[in-house]
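Colleague: I am new to this structure and would be grateful for a close look at a single part of it, the surroundings of the ligand.

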Amino acid sequence: MEVVIVPDAASGGELIAEAMARLLRHTPDALLGVATGSTPLPVYRALTAKVRSGAVDPAHARVAQLDEYVGLPAEHPESYRSVLRREVLEPLGIPMDNFIGPDGTAPDVQAACEAYDRALAEAGGVDLQLLGIGTDGHIGFNEPCSSLASRTRIKTLTEQTRVDNARFFDGDIEQVPHHVITQGIGTILEARHLVLLATGEGKADAVAATVEGPVAAVCPASALQLHPHATVVVDEAAASELKLADYFRHTYADKPEWQGI
Ligand code: PGA
């Protein structure tokens, strides 16, 4: 995997937004896999700035959801469908018709998960999947010890993730659902390019386990080591536990700019 150490979150956002813009210039109807949480926001801000300046036109882009709470109605402000509409589709001017995601309120959750995996395949697969990482190493909502071959399915959140996400529910952990639908790790690995962004010291241990630890289900993000085109973008704080940080800095500094990430 390629590890790019950037000075701060805004630079990471700019780097990834440029990779998305480059993809969309080449493939205007590319399928972008997007993530929720605080970390990806600088990416969406930077991409929106590029759209406003005319550097890229995402009108034909398609957007795929990574995960969703079970039981929150789609119109709930914290359902990930609502969050993505607010933070990604509306600012970029992408119509909701171009959006696919799992149905978190389906009476048959397992059938909804299987239907979503089929929808991703029928859409031709994800071209670029943006990922955050949990403090416990999760990607999507694949919590520690998720099968590295897993498909989209229902998962139970760890207490840590519910504590981490309570800030989106007025700080009240009781309002954070216990169950989610998440693309499986096997599903995520089918995207053509995986881009994981991690910022802040709180992610430093998870980043070190992802990049320099063994491939192990206890750190789900370590599955990125199995992907032929995975890019991990980290700010200095999130890189602070990496033993090979100098090597990563050196190789990226010497990379020809035309290669992108
Ligand atoms: P965060 O969430 O970006 O809000 O830290 C990341 C994640 O849980 O994947």
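Before that, how far apart do the end C-alpha atoms of residues 11-225 lie, and what percentage of the span is helix and what percentage strand?

Modeller: Please note that this is a predicted model. The end C-alpha atoms of residues 11-225 are 24 Å apart, and the span consists of 35% helix and 14% strand. These residues are covered by the annotation "domain: Glucosamine/galactosamine-6-phosphate isomerase", which comes from an unreviewed UniProt entry.

As for the ligand, its place is in the largest pocket. Around the ligand are G37, S38, T39, G132, I133, G134, H138, R167 and K203. Sorted by class, this shell comprises 1 nonpolar, 6 polar and 2 charged residues.

Several side chains of the shell approach oxygen atoms of the ligand. In T39, an N or O atom of the side chain is 2.4 Å from a ligand oxygen atom. For H138, an N or O atom of the side chain is 2.7 Å from an oxygen atom of the ligand. R167 likewise places a polar side-chain atom 2.7 Å from an oxygen atom of the ligand. On its own, the ligand has 280 Å² of accessible area, and the protein covers 83% of it.

H138 also appears in a further record: the unreviewed UniProt entry carries the annotation "active site" for D67, D136, H138 and E143. From this set, D67 and H138 belong to the lining of the largest pocket, where the ligand sits. D67 itself is part of strand 4, which spans residues 67-69. H138, in turn, is one of the residues that surround the ligand.

Terms used. Residues numbered from 1 in each chain as written. Predicted model: local features only at pLDDT ≥ 70, side-chain atom pairs only at ≥ 80, totals over all residues. Heavy atoms only, no water. Near = heavy atom within 4 Å. Polar contact = N/O pair within 3.5 Å; in protein donor to acceptor, adjacent residues only side chain to side chain. Areas by Shrake-Rupley, 256 points an atom, 1.4 Å probe, with all protein chains shown as cover. 1 Å grid on protein atoms, 1.4 Å probe; cavity = no way out; pocket = protein on both sides within 12 Å on 5 of 7 lines; lining within 4 Å. Sits in = over half its atoms within 2 Å of the grid points. Nonpolar A, V, L, I, M, F, W, Y, C, P; charged D, E, K, R; others polar. UniProt positions renumbered as here; feature names shortened; annotations may be inferred. Helix = DSSP H or I, 4+ residues; strand = E, 2+ residues; numbered from the N terminus.
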